[in-house]
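Morning, everyone. Please have the viewer open, and follow along as I go.

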Amino acid sequence: MPEQPTVALPVLGSRPAPAPPRRRPAHTLTARAVLATCAVALVSVLVTALVAVPLAVRGAERRDQEALAAQARLAASVLRVSAARQRDTAGERLLRQLRQQDIDVYLIRAGQVDRPGLPPQVVTRVAAGRDVSGRRLVAGERALVEGRALSGGDGVVLARPTPSGPWRQVLRSLWLPLLAGLAAGAGAGLLLARRLARPIRVAATAAARLRAGDRAVRVPVEPPDEVADLAYALNGLAAALATSEGRQREFLLSVSHELRTPLTAIRGYAEALADGVIDADGVPATGRTMLAEAEHLDRLVSDLLALARLEAADFPLEPGPVDLTRLAADAERTWSDRCAAVGVPFRVEAPAGPVPAYTDPGRIRQVVDGLLENALRVVPPGAPIVLAVRPAGADPAAGGVVEVRDGGPGFTDDDLAVAFERGALHQRYRGVRKVGSGLGLALAAGLVRRLGGGITAGHAPEGGAAFTVRLPGDPYLTRTSA
């Protein structure tokens with residue numbers, strides 16, 4: 001039969017991908033990185049200023065205080081000179097030098113200060129023979145004060161006004177480092193943003209190509225680790241999409257072939273009947289053949305619909321307590337005659353008592369019938385088919401196990417890995433041995449999962465394949481035993 005061309009069908013209910021929003025410069029990663037680094041630079045400068053300015057102001061005041069103390073000691077030593085003429089000459093020269101340095105000099109003679117402005121406490125302390133050091137209000141202004149006592153109630157006090165607004169002066173000098181910090185932050189942010197945004201732009205371009213249907217796109221893997229993880233994820237997504245679409249194409253081709261076979265037979269017999277080629281005696285046989293092919297076609301369509309609805313939330317399920325021993329006995333009455341008609345021994349292995357499980361009886365019987373039909377299709381005459389049921393554990397609430405084994409050709413280990421994928425075994429063995437549509441095992445696996453159980457494929461002791469279905473126990477029995 002010539003191969004039919006592949007037609008790409010639209011997915012029902014799909015919507016076109018939304019267009020990407022218009023890019024706004026303020027919302028780009030580059031702009032945000034630049035703003036972030038500028039903010040960090042600004043905060044760093046301000047924090048440095050908050051820490052350094054008080055230290056600088058206190059250090060400057062301490063140096064001024066120490067310098068003023070040294071000058072006060074010098075003035076006191078000059079004024080202690082015994083010779084009055086020498087003392088007066090040196091003292092006047094020293095006073096002129098101090099005043100040139102904006103230092104006010106107050107002389108105390110016999111407990112009286114030579115001019116007003118000095119606090120009385122300072123005058124009293126120096127006249128009492130004690131030195132003074134610190135900051136005081138002198139003539140209504142805050143000033144650094146250093147006083148030295150002389151003999152006889154005399155003394156000298158030096159006062160230097162503290163500079164007004166040291167904070168303001170220091171902060172005025174911050175504009176240059178602040179500007180330099182902001183410029184460095186902007187430059188660093190720009191470089192950082194370009195480095196961070198480049199792999200993101202590459203990934204976005206690759207994702208857009210994937211959305212457009214290009215499955216060969218790959219993203220280069222490069223450090224750092226987060227960027228490498230993103231590249232691995234996108235590359236894995238592209239590979240998975242390519243594999244999935246390849247399997248989907250193969251599945252559609254297989255299903256198309258399976259649907260075409262009964263349709264071709266029905267069409268051929270219908271044309272023969274319409275042309276009068278078949279005589280009256282052959283009409284009943286022709287009708288039976290057409291009916292069988294129509295039933296085959298109906299099963300295929302039903303399987304396709306069931307697979308399409310399997311993951312839907314409204315898929316009908318009616319779970320309840322089920323005796324698997326009784327289910328096996330019902331299946332034996334149906335399948336023993338069918339197997340005997342083609343020379344295949346059919347055997348049921350079940351315990352004498354019930355095997356309770358909690359499942360949908362109609363759906364689990366659908367699974368069992370599907371597995372038995374697959375086995376009957378491939379086993380040769382004389383090879384057995386076994387339907388076995390047993391408890392999953394010693395506790396009646398543990399659930400049950402249903403097993404279908406056969407003496408057919410069986411599967412390889414590679415086959416077991418893909419046994420429940422749609423159309424996988426059909427694609428492998430089409431033309432090699434009898435195969436079905438490739439839907440039965442996928443449908444059985446989906447049904448078992450929806451019923452809360454599990455299904456596995458393996459090798460049977462009879463020489464063929466073995467399919468094991470594990471079903472959950474009755475929750476009522478669990479509560480009763482508890």
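How many helices and strands does the secondary structure of the chain come to? The count is 13 helices and twelve strands. Keep in mind that this is a predicted model.

Some overall values. The chain has 482 residues, and 35% of them count as buried. Take the contacts with a separation of 6 or more: residues 24 or more positions apart account for 64% of them. The exposed area of the chain is about 28400 Å². Carbon and sulfur atoms supply 58% of that area.

On to the sheets. Start with the open one that runs β2-β1-β5-β4-β3. Five strands, antiparallel pairing. At its edges are β2, residues 112-113, and β3, residues 132-138. Each of those two pairs on one side only. Further in, β4 covers residues 141-149 and β5 covers residues 155-161. Seven bridges join them, and they run antiparallel. To find the register, go to Glu146: opposite it, in β5, stands Leu158.

Now another open sheet of five strands. The order here is β7-β9-β10-β12-β11, and the pairing is mixed. Which strands stand at the edges? They are β7, residues 346-349, and β11, residues 454-459. Each has a single partner strand, so one side of each has no neighbour in the sheet. On average, neighbouring strands in this sheet are turned by 15° against each other, direction ignored. Look at β11 next to β12, residues 465-471: six bridges, antiparallel. Here Ala457 stands opposite Phe467 in β12.

A helix packs on this sheet, and that helix is α9. It touches β7, β9, β10 and β12. The direction of α9 makes about 175° with that of β12. Stay on α9, residues 361-378, and pick out Asn374. The side chain of Asn374 makes a polar contact of 2.8 Å with the side chain of Arg377. Leaving aside residues up to four places away in sequence, Asn374 touches Gly440 and Leu441.

Last topic: charge. Side chains of opposite charge can pair when their charged atoms come close. How many salt bridges does a search of the whole structure find? Twelve. I will take three examples.

One is Arg333 with Asp330, at 2.1 Å from N to O. Both sit in helix α8, residues 324-341; they are three residues apart, so about one helical turn separates them. Is Arg333 buried or exposed? Exposed, because its relative accessibility is 57% and the cut-off is over 50%. Asp330 has a relative accessible area of 27%, so Asp330 is partly exposed.

Next, Arg347 with Glu349, 3.3 Å from N to O. Arg347 is partly exposed at 38%. Glu349 is also partly exposed, at 32% relative accessibility.

Then Arg405 with Glu403, 2.8 Å from N to O. Why does Arg405 count as buried? Because its relative accessibility is 8%, and buried means under 20%. Glu403, with a relative accessible area of 13%, is buried too.

Two of these pairs belong to a network of salt bridges. It links Arg347, Glu349, Arg390, Glu403, Arg405 and Glu462. Put those six up together and trace the links on screen.

Notes:
Residues numbered from 1 in each chain as written. Predicted model: local features only at pLDDT ≥ 70, side-chain atom pairs only at ≥ 80, totals over all residues. Heavy atoms only, no water. Pairing = 2+ DSSP bridges. Helix = DSSP H or I, 4+ residues; strand = E, 2+ residues; numbered from the N terminus. Polar contact = N/O pair within 3.5 Å; in protein donor to acceptor, adjacent residues only side chain to side chain. Contact = heavy atoms within 4.5 Å. Axes fitted to C-alpha atoms, helices over the stretch in contact; angles between N-to-C directions. Buried < 20%, exposed > 50% of the residue type's maximum accessible area, 1.4 Å probe, protein only. Areas by Shrake-Rupley, 256 points an atom, 1.4 Å probe, with all protein chains shown as cover. Salt bridge = Lys/Arg side-chain N within 4 Å of Asp/Glu carboxyl O.
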